[in-house]
Amino acid sequence: MPVFETSVVALILWGLIGYGLGSIPFGLILTRAMGLGNLRDIGSGNIGTTNVLRTGSKAAAATTLLLDGGKGAAAVLLARSLAGEDAAQLAGLLAFVGHCFPVWLKFKGGKGVATFLGVMLALAWPIGLACCATWLAAAAVSRISSLGALVSTASAAVWAMILGYTSGLVLILVLSALVFQRHRANIQRLRTGDEPRIGQK
């Protein structure tokens with residue numbers, strides 16, 4: 001039984017908690033703490049895993065991936081355990097928004113793929129695992145991180161329908177649309193063949 005009734009006040013509270021968790025810029029924090037320089041001046045300047053990898057530190061990139069995914073999952077799991085499914089979905093959405101538009105970085109954040117996957121794993125782990133496997137397969141074949149992310153994101157709604165998870169389908173579609181919106185420049189480079197491959201600085 002949830003501790004709080006899922007009232008408007010509770011939803012606002014869990015939305016704020018989700019945003020707060022999502023807005024923690026782990027990539028930026030880790031690279032500075034590990035003496036890898038200012039991530040904003042490296043590669044694309046993005047705060048996510050792919051750009052952290054361009055510092056040359058696989059450990060920093062892997063840790064960023066886990067933490068960015070973990071904050072999305074934590075927002076969902078905490079809200080679900082204390083306030084129910086509606087709060088969990090809102091917290092997941094706002095965690096993603098917080099990662100992409102963190103107030104601490106003047107709303108200039110990451111592209112949200114790791115956080116998206118963390119939210120998916122927490123909402124319905126079979127869909128999350130299917131999306132992760134899709135990303136790994138697409139990235140391994142293409143050697144292009146953004147293409148793997150886009151294919152994985154596009155597959156999420158398909159996996160949800162196949163696996164019978166209809167209650168979160170609207171959220172999945174909204175998050176997927178936001179991921180594609182955040183990858184506009186990548187999509188253009190994919191069209192022209194100029195998108196860098198994994199590990200390329």
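Contacts across the sequence come first. In this predicted model, 62% of the contacts with a separation of 6 or more join residues 24 or more positions apart. The chain has 201 residues, and buried residues make up 47% of them.

What secondary structure does the chain have? It has ten helices and zero strands. Read from the N terminus, the elements therefore run α-α-α-α-α-α-α-α-α-α.

**Overall size**

A compact globule of 201 residues would have a radius of gyration near 17 Å. The chain has 16 Å, so the two agree. The table collects values for the whole chain.

| Property of the chain | Value |
|---|---|
| Radius of gyration | 16 Å |
| Span of the C-alpha trace along the principal axes | about 50 × 40 × 25 Å |
| Exposed area | about 9,800 Å² |
| Share of exposed area from carbon and sulfur atoms | 70% |

**The largest core**

In soluble globular proteins, nonpolar side chains tend to be buried together. Here, the largest nonpolar core has 32 residues. Those with the most contacts inside this core are F116, M120, L123, I127, Y165, I172 and L175. Two or more residues each come from α4 (58–83), α5 (85–100), α6 (113–123), α7 (125–142), α8 (145–162) and α9 (169–182). Which of these elements gives the most? It is α6, with seven residues.

Now take M120, one of the residues with the most contacts inside the core. Set aside its neighbours within four places in sequence. M120 is then in contact with W125, I127, G128, I172 and L175. I127, I172 and L175 are also among the core residues with the most contacts.

Apart from this core lies another, made of seven residues. Among them are L28, L39, V52 and A61.

**A residue in a loop**

T55 sits in the loop between α3 (49–53) and α4. Is T55 buried or exposed? Its relative accessibility is 18%, so T55 counts as buried. The cut-off for buried is under 20%.

What does T55 touch? Leaving aside neighbours within four places in sequence, T55 is in contact with T31, L36, L39 and I42. One of these, L39, belongs to the core of seven residues. T55 also has a partner close by in sequence, S57. A polar atom of the T55 side chain lies 3.3 Å from the backbone nitrogen of S57.

Conventions: Residues are numbered from 1 along each chain as its sequence is written. This is a predicted model: local features need pLDDT of at least 70, side-chain atom pairs count only at pLDDT 80 or more; totals for chains, interfaces and linings use all residues. Side-chain values use heavy atoms; hydrogens and water are left out. A nonpolar core is a set of buried Ala, Val, Leu, Ile, Met, Phe, Trp, Tyr and Cys residues joined through side-chain atoms within 4.5 Å. Buried means under 20% relative accessible area, exposed over 50%, partly exposed in between (1.4 Å probe, protein chains only). Helices (H or I, at least four residues) and strands (E, at least two) are DSSP runs, numbered from the N terminus. Contact means heavy atoms within 4.5 Å. A polar contact is a pair of N or O atoms within 3.5 Å; within protein, one must be able to donate a hydrogen and the other to accept it, and residues adjacent in sequence count only if both atoms are side-chain atoms. The radius of gyration is taken over C-alpha atoms; the globule rule is 2.2 Å times the number of residues to the power 0.38. Accessible areas come from the Shrake-Rupley method with a 1.4 Å probe; for residues, only the protein chains shown count as cover.
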